[in-house]
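Work through the exercises below with the model open. Try each task before you read its solution.

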Amino acid sequence: MENRELDIDGRSRVVVGDAQHELARLLPECRVVAISDGNIDRCHHELLAPFADVILIGTGETVKTLETAASIHRELIRRGADRATFLLGVGGGIVTDIAGFVASTYMRGVRFGFVSTTLLGNVDASVGGKNGVNVDGFKNMVGTFNQPQFVVCDTSLFATLPDREFRAGLAEALKTGIIGDAELFERIERSTFAELRTRRDRIDEIVMRSVRLKTAIVGRDECEHGERRKLNLGHTFGHAIEKCSRTMNHGEAVAAGLLIAARMAVRSGLLAQAACSRIEDTLVRLGFDPVSPVPMSQLLEAVRSDKKAEDGSIRLVLPTAIGSCEVRRLSLDALERLAESL
Ligand SMILES: NC(=O)c1ccc[n+]([C@@H]2O[C@H](COP(=O)([O-])OP(=O)(O)OC[C@H]3O[C@@H](n4cnc5c(N)ncnc54)[C@H](O)[C@@H]3O)[C@@H](O)[C@H]2O)c1
């Protein structure tokens, strides 16, 4: 495999490699407080053991709140963390989203980095400097754009990841392929779930390709004024599903959202039916049930209140082929008509 280290504008390094080895190289010589969750402490205690200060949070989307962030702020104060303290988030997207937010707000911002422990975190959540928390069920309503100094993606840690969580990460990797890397899509399309689960070389390649596309897009449009919006493919309806139902995790909701976006693209004359069928077939073959557990009428209600809805319109990301997509501004009424046509 080629270079396993990428960066965003020279500011945020993303390294695919062994976490303990890379941390020895990347961590600054200062006090480090690790933020993680109970599953990581149980399955990968070796990652947290070197640190005198470890703050553990609960698990699941319901802990990604201002209350959890505030409890970490208080714990940092109690332990005397100061502006020179480095915060290390060790975990999946929930831990890194919260740890990045806490680091961005504690004492107006302290340095931070991540060890990303889930496939979803490796290919998407830990990379790119978006962090934040949900408020009253509204996804990622409060947060900042702020780059971690480094992200270590260690695919060996997936050995303890439940199949369901591993599969969730494949949805985001597939999304990345649809957005801008047809070969990434094809590599996933041509593999069985079992192969992806067990072949480290294949998953390393998928992580690397996903990180390469994401760091390139974020490097060009860090604060999502334009091109970065493409990374939200499948998320308009994915977030709506997460808001209305607890039955799907983030990746599963994105999988269902991807299929809705692909079908809308076909209806809009942007995407060939054959490409849409490839997306659906791949999702089903990987073990997803990409059908929203929530009726479309309820999803549309949730989309109306999404933070990305502006002045009665929404920017919808629609695939135009495997490997390309475009962002269209649609009125909420037009979106409703499109949804009714599905
Ligand atoms: N900031 C961004 O740009 C961005 C992008 C995509 C997704 N996200 C966010 O990421 C979150 C989802 O992240 P996720 O899918 O990583 O979920 P997660 O952090 O909840 O992790 C999934 C589960 O696996 C456990 N776990 C993590 N690593 C493990 C390991 N190596 N072995 C065993 N168990 C392990 C966790 O404790 C948790 O129970 C969502 O809140 C989503 O909104 C953020």
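**Exercise 1. Find what the buried residues of helix 14 pack against, then locate its two faces.**

Step 1. The buried residues of helix 14 pack against helix 11 (235-244), helix 12 (250-267), strand 10 (313-321) and helix 15 (332-340). Helices (H or I, at least four residues) and strands (E, at least two) are DSSP runs, numbered from the N terminus. Contact means heavy atoms within 4.5 Å.

Step 2. Helix 14 covers residues 296-304, and Leu299, Leu300, Ala302 and Val303 are buried there. Buried means under 20% relative accessible area, exposed over 50%, partly exposed in between (1.4 Å probe, protein chains only).

Step 3. Look down the axis of helix 14: the buried residues fall within an arc of 160°, so they line one face. The arc is that of the directions from the helix axis to the C-beta atoms. An α-helix has 3.6 residues a turn, so residues three or four places apart point the same way.

Step 4. Now turn to the face away from the buried side: it carries the exposed residues Ser297 and Glu301.

Before going on, note that this is a predicted model: local features need pLDDT of at least 70, side-chain atom pairs count only at pLDDT 80 or more, and totals for chains, interfaces and linings use all residues. Residues are numbered from 1 along each chain as its sequence is written, and side-chain values use heavy atoms, leaving out hydrogens and water.

**Exercise 2. Describe the surroundings of Ser116.**

Step 1. Ser116 belongs to strand 6 (residues 112-116).

Step 2. Its relative accessibility is 0%, so Ser116 is buried.

Step 3. Beyond neighbours within four places in sequence, Ser116 contacts several residues, among them Gly91, Asn122, Cys153 and Leu157. Leu157 is 41 residues apart from Ser116 along the chain, with 8.9 Å between the C-alpha atoms.

Step 4. The side chains of Ser116 and Asn122 make a polar contact (2.8 Å). That term means a pair of N or O atoms within 3.5 Å; within protein, one must be able to donate a hydrogen and the other to accept it, and residues adjacent in sequence count only if both atoms are side-chain atoms.

**Exercise 3. Is Thr65 buried or exposed?**

Step 1. Find Thr65 in the loop between strand 4 (53-57) and helix 4 (66-78).

Step 2. Its relative accessible area is 17%, so Thr65 is buried.

Step 3. Leaving out residues up to four places away in sequence, Thr65 touches Val133 and Asn134.
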